[in-house]
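Reader: Before I rely on the labels in a model like this one, I would like to hear how each of them was reached. Could you take me through a few?

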Amino acid sequence: MTSASTDTSVVVVGAGQAGLSVSYYLKRLGLDPGNDFVVLDRGPGTGGAWQFRWEALRLGYAHRVNDLPGMSELGVSFDTADRTAPAKDVVADYYARYEQHFGFQVVRPANVVAVENAGTDLRVRFRDEVGEQDVTTRLLVNATGTWGSPFVPWYSGMNEFAGRQVHTTEYRRAQEFEGQRVLVVGGGTSAIGFLMELENVAAELTWVARRPVEFLEAQELDVEAGVASVAQQDAAAREGRALPSIVSTTGVPRSRRIQAAIDRGLLDAKPMFERIVPEGVRWSDGTVQEFDAIIWATGFRPELRHLAPLKLREKTGGIMVGQGTSWRDSRVFFAGYGPTASTIGANRAGRTIARQVVAELSRLSA
């Protein structure tokens, strides 16, 4: 299916859950990995964003990790994975086996810096250990996720803070904050995880969130809440709006571990401070509380900077995507964006996107 003017027919950017899912179905539909399609991944190793997560995170503490399509062939499943090992190591190991089993020949580290028009085709520029390279392709599947685009909201005085500020992407272990006065900002599962890890390590621990945190009665996210969240993500993607955060549309399930933390008074989020001052934060009543560190567990935004040359972004802040396809450029597909960001969503979308990619290649070759 490769044209005379291109190096390959399809470039998949990202080898996390979404990129691997699409790759699996592309192979199932007859495309040859390394020839008909090429997978580029920025990470130094396997596991997508999971390889960068903090040491203490375990699979049972995070959102459920669903198996990739065809993973049963390997005889492994996240449902029966080791819950005592770091989640990042378990996911990296399973993904490595998966890539090898299906022969995806992922190119890494390959940091895609720009996707440009090359006539009717696309030129993908990336940096690897040698330097800047490029590959031409007929179609592109963007599966970059969000980890590379951390979001930290701006607050007055934040550049004056004398202590340490870290985002979720920079958090490694609780011991780095031993004996310190720590402020955790954010209303999602990462913030909650940090609080529970730091509880008996930090000298003082305070939690703030921009909106009240809704703790669900269920121990797991129910189907109705999940469907509603996906619908809101899908509507935003189709309209080209900025995507809403997942936790703001679903709430936080009350697992036994979380309920125990609520009962002992740990998970009690305060309203946001008025401003940041050099020694800490000033509350709305004018009082100042001192802190040594601020942890910004404030989420991420879709990583789309490399697509800027294609001018896909709308004035409303997002990209118009429906059923995984860009509505402004039929050469570009999105996996793991909006309603397909979860592991189960990525798996389902992988099949749909792969079929659309093959159909578009057939159309172009006609």
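Author: The turns below set values against the definitions behind the labels.

Author: This is a predicted model, in which local features need pLDDT of at least 70 and side-chain atom pairs count only at pLDDT 80 or more, while totals for chains, interfaces and linings use all residues. Residues are numbered from 1 along each chain as its sequence is written, and side-chain values use heavy atoms, with hydrogens and water left out.

Reader: What is the mean pLDDT of the chain, and where does pLDDT stay under 50?

Author: On the scale of pLDDT (the predictor's confidence in each residue, from 0 to 100), the chain has a mean of 88, and 86% of its residues reach 70 or more. Over residues 219-225, however, pLDDT stays under 50, and for that stretch the model has ten contacts (heavy atoms within 4.5 Å) beyond four places in sequence.

Reader: Why is Gln51 called buried?

Author: Buried means under 20% relative accessible area, exposed over 50%, and partly exposed in between, with a 1.4 Å probe and protein chains only; because Gln51 has 17% relative accessibility, it counts as buried. Gln51 is found in the loop between strand E2 (37-40) and helix H2 (87-102), where helices (H or I, at least four residues) and strands (E, at least two) are DSSP runs, numbered from the N terminus. Leaving aside neighbours within four places in sequence, Gln51 is in contact with Gly43, Pro44, Gly45, Thr46 and Lys88.

Reader: How do you know that the length of helix H1 agrees with what it should span?

Author: The expected span is 1.5 Å times one less than the number of residues, so the twelve residues of H1 (residues 17-28) should span 16 Å, and the 17 Å between its end C-alpha atoms agrees with that.

Reader: What makes H1 largely enclosed by the rest of the structure?

Author: Ten of its twelve residues are buried, so H1 is largely enclosed; among them are Leu20, Val22, Tyr24 and Tyr25.

Reader: Why does Ser326 count as buried, and which backbone nitrogens lie by its side chain?

Author: Ser326, found in strand E16 (residues 325-326), has 4% relative accessibility and therefore counts as buried. A polar atom of its side chain lies 3.2 Å from the backbone nitrogen of Arg328, and the backbone nitrogen of Asp329 lies 3.1 Å from a polar atom of that side chain. Not counting residues up to four places away in sequence, Ser326 touches Leu312, Met320, Val332 and Phe334.

Definitions and conventions:
Polar contact = N/O pair within 3.5 Å; in protein donor to acceptor, adjacent residues only side chain to side chain.
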